[in-house]
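Reader: I'd like a close look at one part of this model, please. Could you pick a spot in the loops and walk me through what surrounds it?

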Amino acid sequence: MLLTKFDPMKEFRDLEKRMESAFKFPEHGDIANVSGFTPSVNTREGEYAYHVEVDLPGVKKDDIKVDIKDNVLTISGERKTKKEVKEKDYYKMESSYGKFQRSFTLPDSTDVENVEANSKDGVLEVVIPKLKKEKKETKQIKVK
């Protein structure tokens, strides 16, 4: 009689290995399925404006939409990529598409009428000017 040790987690590990082999992710630089594409964002505050930089490699300017509604900045769009390889003995074409959307609540001190957005080399920069604060004089209140 052969004795085997019972391992209750073996089935889960086997399932995990099968899932990894079924959904292998390409190496960095390869075209990936971008259905879950979430661009990375850097934000910073300058003296006169807020800056939002979004990494959008492979996204054309025409596929980017920047909106402001109710003091919420929304950056959305779609990334479409095609990779075509023609060799002597085979032909391969890979296409991937993915929509993305990122939203940011803006402070009340922003000038939403003068927001600018520029896209260059796969980086979108949105500049949100601050409202100019007027220096108010201190008003003395007489205590009665």
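Below is a request about one residue and then a longer answer that works outward from there.

Reader: T110 is in the loop between β5 and β6. Is T110 buried or exposed, and which residues does T110 touch? Take me through the strands around there as well.

Author: Sure, and keep in mind that this is a predicted model. Let's get our bearings before zooming in. The protein chain has 1 helix and 7 strands, and reading along the sequence gives α-β-β-β-β-β-β-β. Of its 144 residues, 22% are buried.

Now to your residue. T110 sits in the loop that runs from β5 to β6, with β6 covering 116-120. T110 counts as buried because its relative accessible area is 7%, and the cut-off for buried is under 20%. Leaving out residues up to four places away in sequence, T110 touches Y50, N71, I128, P129, K130 and L131.

Two of those partners, Y50 and K130, also have something going on between them: K130 lies over the face of Y50, 5.0 Å from the ring centre. Don't go looking for aromatic pairs, though, as a search of the whole structure finds 0.

I128 is another partner worth following. Apart from residues up to four places away in sequence, I128 touches A49, Y50, V52, L73, L106, T110 and V115. I128 also belongs to the largest nonpolar core, which has 15 residues. Within that core, the members touching the most others are V52, L56, L73, I75, L124, V126 and I128. As for where the core residues come from, β2 (49-55), β4, β5 and β7 (123-129) each supply at least two.

Right beside I128 in the numbering you'll find V127, in strand β7. V127 and Y50 are 77 residues apart along the chain, yet their C-alpha atoms are separated by 5.9 Å. With neighbours within four places in sequence set aside, V127 is in contact with A49, Y50, H51, N114, V115 and E116. For the chain-wide picture, take the contacts between residues at least 6 apart in sequence: 50% of them join residues at least 24 apart.

That brings us to the sheets. One is an open sheet of 4 strands, ordered β1-β2-β7-β6, with antiparallel pairing. Its edges are β1 and β6, and each has a single partner strand, so one side of each is left without a neighbour in the sheet. From one strand to the next, the twist averages 15 degrees. At the β1 end, β1 (residues 41-45) pairs with β2 in the antiparallel sense over 5 bridges, and the two make a hairpin with 3 residues between them. Across that pairing, T43 stands opposite V52 in β2, while V41 stands opposite V54 in β2.

The other stretch to look at is an open sheet of 3 strands in the order β3-β4-β5, again with antiparallel pairing. Here the edge strands are β3 (64-69) and β5 (91-105), each pairing on one side only. The twist averages 10 degrees from one strand to the next. β4 (residues 72-86) and β5 are joined in the antiparallel sense over 15 bridges, and in β5 it is Y97 that K80 stands opposite.

To come back to your starting point: T110 is buried, and the residues T110 touches include I128 and Y50.

Key: Residues numbered from 1 in each chain as written. Predicted model: local features only at pLDDT ≥ 70, side-chain atom pairs only at ≥ 80, totals over all residues. Heavy atoms only, no water. Pairing = 2+ DSSP bridges. Axes fitted to C-alpha atoms, helices over the stretch in contact; angles between N-to-C directions. Buried < 20%, exposed > 50% of the residue type's maximum accessible area, 1.4 Å probe, protein only. Contact = heavy atoms within 4.5 Å. Core = buried A, V, L, I, M, F, W, Y, C linked by side-chain atoms within 4.5 Å. Phe/Tyr/Trp six-rings, centres within 6.5 Å; stacked < 30°, edge-to-face > 60°. Lys NZ or Arg CZ within 6 Å of the ring centre and 35° of its normal.
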